Every structure is written in C-alpha cells, then in structure tokens.
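These are my notebook entries on a single protein chain. I record what I looked up, entry by entry.

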Amino acid sequence: MSNQIRPLIAGNWKMNGDAGSFLEVEAIKDKMAANVVNADVAICPPATLLHRVSAALYESDVATGAQNCHAEAKGAYTGDISVDMVKEAGGSYVIVGHSERRDGYSESNEDVAAKASAALAGGIVPIVCCGESLDVRESGKAIDVVVEQIIASCPDFAASQEIVVAYEPIWAIGTGKTASADDVAEMHDAIRAALVERFGEQGAAIRILYGGSVKPANAAELLAVENVNGALVGGASLKADDFWGIISAA
Ligand code: PGA
C-alpha cells in the first residue's frame, strides 16, 4: 500500500441486510474499539438501514455511507434519495457509479459526475467507481477505457474536499475471481497518473480503492500493491469476521 495515504476499507452491502445484520455491525464496532486500526472504515448498507446503522455506530470508528444518491437536492424523483437525506441519516460517504448501477440503470459518466458533484456540494465524500467488462479486458483496452471512465466521472473539487475512486473490474465482482496483483498495479498506476494529470497535487492524494471479490485470504496481497489505498468490499463485508479479516490486513 505504498505511500502515506491512509487506506479506506468500505463495505458495500448492496441489497442485503436486515435486523440480524446489527449483530455484525456491533461485532465490527467492538473489534475496532479493541484494536489499533490503520485504516478508515465505512459501511454502506441499503438506504432503509442507513439511519439505524449510523445510530448503532455513533461515536465509533466506523463511518457509514449510502450506495447511491440523486444529483438533485429534492423533487419528483420517485425512489431516489438526495445527498441531504444521506447526511441526515448519518452517512458521510456515498458510492456513485457502481457498475451495477451503470449497467442496470444506464448511468453515464455524466450522471455519475453530477452525483459526485452533489455529494461534494453537500459535504459528503463520493466513492466514484469505475471498471471494465471482461470483453474490454480481453480486447486489451482495459486501461484506456477505465482511465477515460474515471476522468469523465470525477467532477472538479476544491482543495478542502475529498473524493475517493474505486477500481472494480466487472468480471471480478461477486465472482470469486480477482485481478492479479500485477494487473491491479498496472491499472492503479494508470489511474493515479490520470488523476495527477487532471488534478495535480490533489490527484496524488486521492484514495484509489480496489474492489472485486476482496476477501480475508487475498486482502493483504491486494492492499500491498502500490497505489492501492484500500478496498471496496461487497460480499465479504456482510459478515463481521470476514470484514474484520480485511480491515486487519490493512
Ligand atoms: P464483491 O463486490 O466484493 O462481492 O465482489 C464488490 C463490489 O461490487 O463493490
């Protein structure tokens, strides 16, 4: 995990979780309180649970976030939630542009940038996702496609603000397949170079998370890669033992 950037381990519960999940939340909170952790940690539950999970984690070392938001502040957007709603529910992060939203809801880079911009304006940290399909990877164009995607999905931001980027190869999400450490290194280096080119010094400080079947068994290897500044964790964030295994690897 190279440089001086403090890693972020963020759990994306996706459409999972219920009242029973609070046992897992409490277990993570207890582990965090009992250990020295060299990483920021966040849990992004479904919107319906965000307020309760935030309350359960109040004054703990675990932050919370949402999995999506609308770019507008309010209005006739059935089914959506605004940045202020995320904040009111206790969230300090929001995942934007996850491939499951880009693919399932046709979200474009412009849509993602607008959401990230709304998050920044509202004072929460956007976790801006990017990643290539298997077809793109096999065509040899993964780096070009991902770099273009991430640059088009990141809005300009002020020196006092923070954004996070997450590289998640689509073929590695929920499949048990992970990119090799060499492929991850190559991609994260390319993303870093593009962020520095676009944002200068601020680009050098942006956390670039890796996501896609991160689990306790592969976390240490992935997190040791240069320019990998944390992980966005799906399936393995649902169970406290697994999530803790990844946090402690950082
Ligand atoms: P996964 O999901 O860890 O279950 O592969 C990662 C993600 O989609 O954020």
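**Entry 1: strand β4.** I looked up the burial of β4 in this predicted model. Both of its faces are covered. Y93 and I95 are buried on one side, and V94 and V96 are buried on the other. In a regular strand, side chains alternate between the two faces of the sheet.

I then asked which residue of β4 is the bridge partner of A66. The partner is V94. Strands β3 (residues 62-66) and β4 (residues 93-96) pair in the parallel sense, over two bridges.

**Entry 2: the barrel and its helices.** I followed the strand order and found a closed barrel of eight strands, running β1-β2-β3-β4-β5-β6-β7-β8 with parallel pairing. From one strand to the next, the twist averages 25°. Helix α2 (residues 47-56) packs on the sheet, where it touches β2 (40-44) and β3. I note that the direction of α2 makes about 170° with that of β3.

Helix α11 (residues 240-249) lies across β1 (8-12), β2 and β8 (230-233). Its course runs at about 160° to β1.

**Entry 3: helix α10.** I listed the buried residues of α10 (residues 216-223) and obtained N218, A219, L222 and L223. Why do they line one face of the helix? Seen down the axis of α10, the buried residues fall within an arc of 125°, so they share one face. An α-helix has 3.6 residues a turn, so residues three or four places apart point the same way.

On the other side of α10, I found A217 and E221 exposed. I also checked what the buried residues of α10 pack against: β1, α8 (181-199), β7 (207-211), β8 and α11.

**Entry 4: aromatic rings.** I searched for aromatic pairs and found two in the structure. For F157 and F199, the ring centres are 4.9 Å apart and the planes are at 65°. That angle is over 60 degrees, so I classed the pair as edge-to-face. The pair links distant parts of the chain, with the two positions 42 residues apart in numbering. F157 is in the loop between α7 (142-153) and β6 (164-167), whereas F199 belongs to helix α8. I recorded both F157 and F199 as buried.

I also looked up a charge over a ring: R101 lies over the face of Y105, at 4.1 Å from the ring centre.

**Entry 5: S82.** I placed S82 in the loop between β3 and α3 (83-88). Is S82 buried or exposed? Its relative accessible area is 4%, so S82 is buried, the cut-off being under 20%. Leaving aside residues up to four places away in sequence, S82 touches C69, H70, E72 and A73.

**Entry 6: A142.** I located A142 in helix α7. At 4% relative accessibility, A142 counts as buried. With residues up to four places away in sequence left out, A142 touches E132, V136, R137 and M187. I looked up the separation from E132 as well: the two C-alpha atoms are 5.9 Å apart, while the residues are 10 apart along the chain.

How values were computed. Residues are numbered from 1 along each chain as its sequence is written. This is a predicted model: local features need pLDDT of at least 70, side-chain atom pairs count only at pLDDT 80 or more; totals for chains, interfaces and linings use all residues. Side-chain values use heavy atoms; hydrogens and water are left out. Two strands pair if DSSP finds at least two bridges between them. Helices (H or I, at least four residues) and strands (E, at least two) are DSSP runs, numbered from the N terminus. Axes are lines fitted to C-alpha atoms, for helices over the stretch in contact, and angles run from 0 to 180 degrees between N-to-C directions. Contact means heavy atoms within 4.5 Å. Buried means under 20% relative accessible area, exposed over 50%, partly exposed in between (1.4 Å probe, protein chains only). The arc is that of the directions from the helix axis to the C-beta atoms. Rings of Phe, Tyr and Trp (its six-membered ring) pair if their centres lie within 6.5 Å; planes under 30 degrees apart count as stacked, over 60 as edge-to-face and the rest as tilted. A charge sits over a ring if NZ of Lys or CZ of Arg is within 6 Å of the ring centre and within 35 degrees of the ring normal.
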